[in-house]
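Biologist: Could you walk me through the charged side chains in this one? I'd like to start with the words you use.

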Amino acid sequence: MSQLTIFRRQSPVKVLGPYQRAVIWVQGCDWACHGCIVPESWSKTEGEVINLTDLQAWILEQPEIEGITISGGEPMLQAQPLSQLVDSIRQKKDLGVVCYTGYSLENLQKTGTIAQKQFLSRIDLLIDGLYNKNLHDNLLWRGSSNQGLRLLSKRYQTLLEELLDEGDISAGLEFISTTERELYFTGVPHQADFRETFEAKLQTKGILLRA
């Protein structure tokens, strides 16, 4: 089985898709969106190279998750191994798949590679579009108003309709303290420049903030 280069992984997460999820941030991105909260994930020469068998085992070990969320970085740059990962997981457990991408769905359908189109067929909910800091808004699972929630299967259709009826607002953030001087946050901030502002405050106390 192939390998995947990832930036980070975390489970369980409740703020990047429906229910509880295992989240994988892939490494490598060409978009370099202004205001991105994880610029550390851009470089294609960094990150952790992990065997898909090991990543599959980690995901299947996670208790009480409904699915996985794949973010980045840009997942479509590693579409083939991600398809392999999803297939191998679903042979053992029916998990839903949420994926973030800077591409639009229409662009992927029309001009995407064979591998990208194959990966699309395995995704239940695609969150598409480049983050635009000028259009930042307080939205469910996305950072700017140009990004869409694109249902590619019926798995989350009823739930998404119910959530949006209640109000299209951010699911919030989760924080994890790994050491006395290091703090991670997960989720989509409801305001632009959240990381810079919060990071500056933490640095005055000697705490390092990571996305």
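Modeller: Let me begin with a term: a residue is called buried when its relative accessible area is under 20%, exposed when that area is over 50%, and partly exposed in between. Please keep in mind that this is a predicted model.

Biologist: Okay, so is R155 buried, exposed or partly exposed?

Modeller: R155 has a relative accessibility of 31%, and because partly exposed covers the range between the two cut-offs, R155 counts as partly exposed.

Biologist: And which side chain does R155 meet in a salt bridge?

Modeller: The side chain of R155 meets that of D94, at 3.0 Å from N to O. D94 lies in the loop between α2 and β5, while R155 lies in the loop between β7 and α5, so the pair ties together parts that are 61 residues apart in sequence. D94 itself counts as exposed, at 58% relative accessibility.

Biologist: How many salt bridges are there?

Modeller: The count comes to eleven salt bridges. One of them joins E106 and R150, at 2.5 Å from N to O, and this pair links helix α3 with strand β7, the two residues being 44 residues apart.

Biologist: What about R9, which side chain does that one meet?

Modeller: R9 forms a salt bridge with E48, at 3.8 Å from N to O. R9 sits in strand β1 and E48 in strand β3, 39 residues apart.

Biologist: Switching topic, which residues gather in a patch of negative charge?

Modeller: That surface patch brings together E161, E162, D165 and E166. E162 has its place in helix α5, and with a relative accessible area of 45% E162 is partly exposed.

Note on methods: Residues numbered from 1 in each chain as written. Predicted model: local features only at pLDDT ≥ 70, side-chain atom pairs only at ≥ 80, totals over all residues. Heavy atoms only, no water. Patch = residues over 30% accessible without salt bridge, like charges linked within 9 Å, V, L, I, M, F, W, Y side chains within 5 Å. Areas by Shrake-Rupley, 256 points an atom, 1.4 Å probe, with all protein chains shown as cover. Salt bridge = Lys/Arg side-chain N within 4 Å of Asp/Glu carboxyl O. Lys, Arg positive; Asp, Glu negative; His and termini not counted. Charge placed at Lys NZ, Arg CZ, Asp CG, Glu CD. Helix = DSSP H or I, 4+ residues; strand = E, 2+ residues; numbered from the N terminus. Buried < 20%, exposed > 50% of the residue type's maximum accessible area, 1.4 Å probe, protein only.
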